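The exercises below start with the chain as a whole and then turn to a single residue. Please try each task before reading its solution.

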Amino acid sequence: MSVATRRPDQILKISDFYKPWPKQAIFHCMRAKHRLQVGGYGSAKSRALLMEAVFHCIEFPGSNSIILRKTMPDLKRTVIDKFDSDIPKSLYERGSQERGTFNKSDHIVYFPPVLVNDYDAETGALNMDPQTGEPKKVWKQSKLYFGAIERIADVGKYLSTEFVFIGFEELGEFPYLIYDAMEGRNRCTIPGSRPCMAGATNPMGIGWGWIKRVWKDHLPAHGMDPEKYDPNDYEFIHSTVDDNPILRKDKAYVASLEKSPLRDKIRWGNIETVSGQYFANWEASRHVLPREAFMFEAWQPVWVGWDYGFGHFAVMTFWTKALLKPRFEGEKPRIVNVTLKELVLQEKTPEQQTEALILTIPRTHDENGIETGYAWDIDSIHFSWERFNRTTSNRTVADEVGDILAAAGLPRPTRSNNDRVAGWTKMYSMLETDDWFLIEGQCTDVAEAIPLLVRGDGVTCSLEDVVKPKGVSLIDDCGDSLRYAVAGVLLDAADKPKEQLLREKLAGIKDPFTRQVVAYKDWNEQQAAERKGHGGGKIVPSWQRRLGH
């Protein structure tokens, strides 16, 4: 007798209609709290994720499960359509929401209620009927939700419900912030239940960076408490279309994957490669917000990243810290970094660029409309490092700019930190943790440039660096301006190169003799460390070596 012709009460378990393929079976048997299916297109990841959710609904009557994707149309095309085609209606359809049905307008599957033992919600103890002495029985109904989180604010729709299972279809579409917020709702008081989460994804998307870090590299995601991260809680299984016994026979489909420029990802599901877009975690809808999304304090200083240019573009970005207002229920206000404004110039002299910077700063006025000063407290200006180098004149471009700024009551420029890798990686982590935002309408060139910065190939340019293009490039100049501002102010001690830490340490020593002693001591320590690293040990003077000691 086929499943389709059975009576509803004859279908008792998923194995009546679902036979997992080998890689799917491994996924279902994983014991980690956080499981991941990662691989190429057509590897049947969605099927296993759906069945896992259905399993929890059947196994734990009265529980809630949910499968999420970025948009509802995409979820319908993959998971919901698969539910309609692969799950027999006799498993859930009883004609009404109370008895069991799939409400397609609310995107919720209501499973038929089941009569089960009644347990105390707080203690977990079995409730007994005082008259019969038998365990109390109650009707419990499981629900499977299909949801979409297109914007950060959408996560609030699901934070009032507890879910025993949370599945993310194409987890790579989501930042860690959303995964973390939903984890707070992954709980269930039903005895014997084991709340867990799972994802299915191709190795790409805005979230691939944190996913690879947590599941593959066994490192905490940016923004995660390192002390609470246990790599044993994360387990993944890799698959390709070759693991799908149906699609692997479709030669035309397999050929289409193999000829694609993205074949490394979509055909083979390569989880090692990190190439192309550097800031793959950038989302304009997420990282560019209106000014009203923040609370600004006048006392917060403003700093500037200035990539000087004459033949190419000169780009200045103005930064401050502000209080980010809650974007969804449960999110707490917090201090973040905000790029207030950009200024882009071309073929302007140092004097013209400096004057433009000064004019960009808003002013304060008294009750009579008379200008009283700067509305922004400019704390520091991080200027292109090479403009501090002397060429044919004793005066540098930095000197010329500094004199104009000082005459206007502004700080002289500071040599930018030129550790490219430290700057780029810090920017990446700030985007990852939603610690950096741009003001809508004020940073249009910068917002367009960020997603176009290209990661190195690991051969001609480090994988951790951004490729520097030849010729004039507004994209590169915007990136350098942002990097100067970040590296100049926001690098933690752990982010900064040793040379920068020493420079700051020496700058704080006023006595020239003491400063020289400290610098010489540091140099000696570096030399000793290098000798030790090459197999050397105790330093032996040359005259002792000649005597054979």
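**Exercise 1.** In this predicted model, determine how far apart the mean positions of the positive and negative charges of the protein chain are.

*Solution.* Begin by counting the charges, of which the protein chain has 72 positive and 76 negative. Then compare the mean position of each set, and the two prove to be 6 Å apart.

**Exercise 2.** Describe the protein chain by its secondary structure, its span and its contacts.

*Solution.* First, assign the secondary structure, which gives 16 helices and 20 strands. Second, lay the C-alpha trace along its principal axes, where it spans about 95 × 85 × 60 Å. Third, take the contacts with a separation of 6 or more, and note that 69% of them join residues 24 or more positions apart.

**Exercise 3.** Is S43 buried or exposed, and what surrounds this residue?

*Solution.* Locate S43 first: the residue sits in the loop that runs between β1 (34-39) and α2 (45-59). Next, consider its relative accessible area of 6%; because buried means under 20%, S43 is classed as buried. For its surroundings, set aside residues up to four places away in sequence, after which S43 is found to touch S239, T240 and V241. Finally, look at the side chain of S43, where a polar atom lies 2.8 Å from the backbone oxygen of G40. As context for the burial of this residue, 45% of the 549 residues in the protein chain are buried.

How values were computed:
Residues numbered from 1 in each chain as written. Predicted model: local features only at pLDDT ≥ 70, side-chain atom pairs only at ≥ 80, totals over all residues. Heavy atoms only, no water. Helix = DSSP H or I, 4+ residues; strand = E, 2+ residues; numbered from the N terminus. Buried < 20%, exposed > 50% of the residue type's maximum accessible area, 1.4 Å probe, protein only. Polar contact = N/O pair within 3.5 Å; in protein donor to acceptor, adjacent residues only side chain to side chain. Contact = heavy atoms within 4.5 Å. Lys, Arg positive; Asp, Glu negative; His and termini not counted. Charge placed at Lys NZ, Arg CZ, Asp CG, Glu CD.
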